[in-house]
Amino acid sequence: MAHILDDISRTFSEYLLIPRLTTKKHTVKNVSLTTPVGKFKQGNASPLSLNIPFVSASMQAVSGPELAIALARCGGLSFIYCSQAIEAQAAMVHRVKSHKAGFVPSDSNVKPDASLTAVIDLVKKTGHSTIAVTHDGSGTGRFLGILTDKDFWEFEDDLNSPVSKYMTSKENVVFGKEGISLHEANLLLRQCKKECLPILDARGEHLQSLVFKKDYFDHRNNPNELLDAKKRMAVGAGVNTHDYKDRIPALLEAGVDALCFDSSDGFSEYQQAAALWARKQYGASIIIGGGNVVSGDAFRYLVERADVDFVKVGIGGGSICITREQKGIGRGQASALLEVVAERDRYFKESGVYVPVCSDGGLANDTQIIIALAMGADFVMMGRYFAMTNESPTPKVSMAGRVYKPYWGEGSNRARNWQRYSNGDDAGFKFEEGIDAYVPIVGSVRDALEVTTAKLTSTMCNSGALTLREFAAQAVLTRISEQTFVEGGTSTVVSFDKENQETA
């Protein structure tokens, strides 16, 4: 007969933290949210650490290049989705890596005979107001000049006129040459009081890249930026167990910093074989995560048999995931995380190797994010949280006076990502494990994270912790009853703001 576990499958909403002693040193400015991604031996540092414990899910409706850039600026990491062609995913990774190298490839270019109408369409498409003019309209063509939105008036000038009539010609453009350092380029921008510095080849003819004044200030205003050794934005990518022998090399060539198997159930020989292949090919230089799992023995399998760097926990807890109701497989996220964290700690004690754990799914609000970290997750992976931001890759949709964004699961027919749920066959979808929905827009990635990190650091101070390791080590949690949940809400009063809104 089936083996029945004695414990109840519990969720994050069933727990509260008990405050610990807050001393004078426990202030928000003293809190560090740095957390490891890659495994490491006791006494050594992780090969990759986050500055904030947040990563975005490898989903079509979540992790595009814009969100990856925005999240890296704040200190987190995005995993670019793998449910697309290898070349397309590698191009997204390359776009993120090139964005913050300081020297940005020009992706908004026109020929000198292009009309202003074409320029306006290009600006609307890319969002870039600085347009390079080259002989062939490419980002590496012979440089002829620069056109910005300040060089013409959209509603006054003849939009059929050619760009050459309004652009600043090369002889009047300050530019640098290939080989110039980023520091020298920024110094030249400051001395010449320019917003953009084109970088040309050694002969001073063909465009190579652009350096922007705003990027310098972005860097100064984002001290938590997650950068690689070359000062480029850090970015991760999802991979599967089907085309990994082609996908992984392409992603590494594009500069990816971390990989993670995107699977609804990672406790499999398929994932073991793929992870060991990657390890054999690239050794310890590659950071690769495994999962998803919900038990201690699955954690052991991936760590000891598949040699992964971190393990993702969670099956069926996502807001658009219906794996539990479709297949009866999964576990309450709190119960799953607690068991895996306990196994991680036992493994660390036995081997001296620390393997970070990522809690993926089951996070409905900031409080549950905090509880997950208190329970020992090194970082959390979120989909809906980031899908609701301005930078997520889906278009805005207005419904009933509110603005939303489409959000769908990788197990939905819309995603067409059957490989994620396949057990070795190529039969495609027979049933869905995800739904297609809409989520309200909450603002920018920065806005959302500022609120969440403010709550997290405040709670850590209440718990007498200055690091996430301290937070998990000394957290005291209590399970709550339904009445405790009611007592903690505002059901016994009428909100003044809501009352005014209803009567307005």
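## Exercises: cores and contacts in a predicted model

Leu 77 has contacts with Leu 48, Leu 50, Phe 54, Val 55, Ser 56, Leu 71, Leu 226, Ala 234, Val 235, Gly 236 and Ala 258, leaving out residues up to four places away in sequence. The model is predicted. Work through the exercises below with it open.

**Exercise 1. Place Leu 77 in the largest nonpolar core, and find which helix gives that core its largest share.**

Step 1. The largest nonpolar core has 105 residues.
Step 2. Pick out the members that touch the most other members. They are Phe 54, Leu 77, Leu 259, Phe 386, Leu 449 and Phe 471. Leu 77 is on that list, and one of its contacts, Phe 54, is there too.
Step 3. Turn to the helices. H1 (residues 65–74) supplies seven residues, the largest share of this core.
Step 4. Look for another core. One of 13 residues lies apart from it, including Ala 114, Val 119, Ile 131 and Tyr 166.

**Exercise 2. Decide whether Pro 198 is buried or exposed, and list its contacts.**

Step 1. Locate the residue. Pro 198 sits in strand S12, which spans residues 196–200.
Step 2. Read its relative accessible area: 0%. Buried means under 20%, so Pro 198 is buried.
Step 3. List the contacts, setting aside neighbours within four places in sequence. Pro 198 meets Phe 143, Ile 146, Val 173, Val 174, Phe 175, Gly 176, Leu 207, Ser 209 and Leu 210.
Step 4. Check a residue far off in sequence. Ser 106 is 92 residues from Pro 198 along the chain, yet the C-alpha to C-alpha distance is 9.1 Å.

**Exercise 3. Describe how helices H7 and H8 cross, and which residues make the contact.**

Step 1. Recall what is needed. A packed helix pair is described by the angle and the distance between the two axes.
Step 2. Take both values. The axes of H7 (residues 269–282) and H8 (residues 296–305) come within 10 Å and cross at roughly 25°.
Step 3. Classify the angle. Under 35 degrees counts as roughly parallel, so H7 and H8 are roughly parallel to each other.
Step 4. Add the hand: the crossing of H7 and H8 is right-handed.
Step 5. Name the residues. H7 contributes Glu 269, Gln 271, Gln 272 and Leu 276, and H8 contributes Tyr 301, Leu 302 and Arg 305.
Step 6. Sort them by class. The contact of H7 with H8 has three nonpolar, two polar and two charged residues.

**Exercise 4. State how many helices and strands the chain has, and what percentage of its residues count as buried.**

Step 1. Count the elements: 16 helices and 24 strands.
Step 2. Of the chain's 504 residues, 51% count as buried.

Note on methods:
Residues numbered from 1 in each chain as written. Predicted model: local features only at pLDDT ≥ 70, side-chain atom pairs only at ≥ 80, totals over all residues. Heavy atoms only, no water. Axes fitted to C-alpha atoms, helices over the stretch in contact; angles between N-to-C directions. Helix = DSSP H or I, 4+ residues; strand = E, 2+ residues; numbered from the N terminus. Parallel < 35°, antiparallel > 145°, perpendicular 65-115°, else oblique. Left-handed = near helix turned anticlockwise from the far one by under 90°. Contact = heavy atoms within 4.5 Å. Nonpolar A, V, L, I, M, F, W, Y, C, P; charged D, E, K, R; others polar. Core = buried A, V, L, I, M, F, W, Y, C linked by side-chain atoms within 4.5 Å. Buried < 20%, exposed > 50% of the residue type's maximum accessible area, 1.4 Å probe, protein only.
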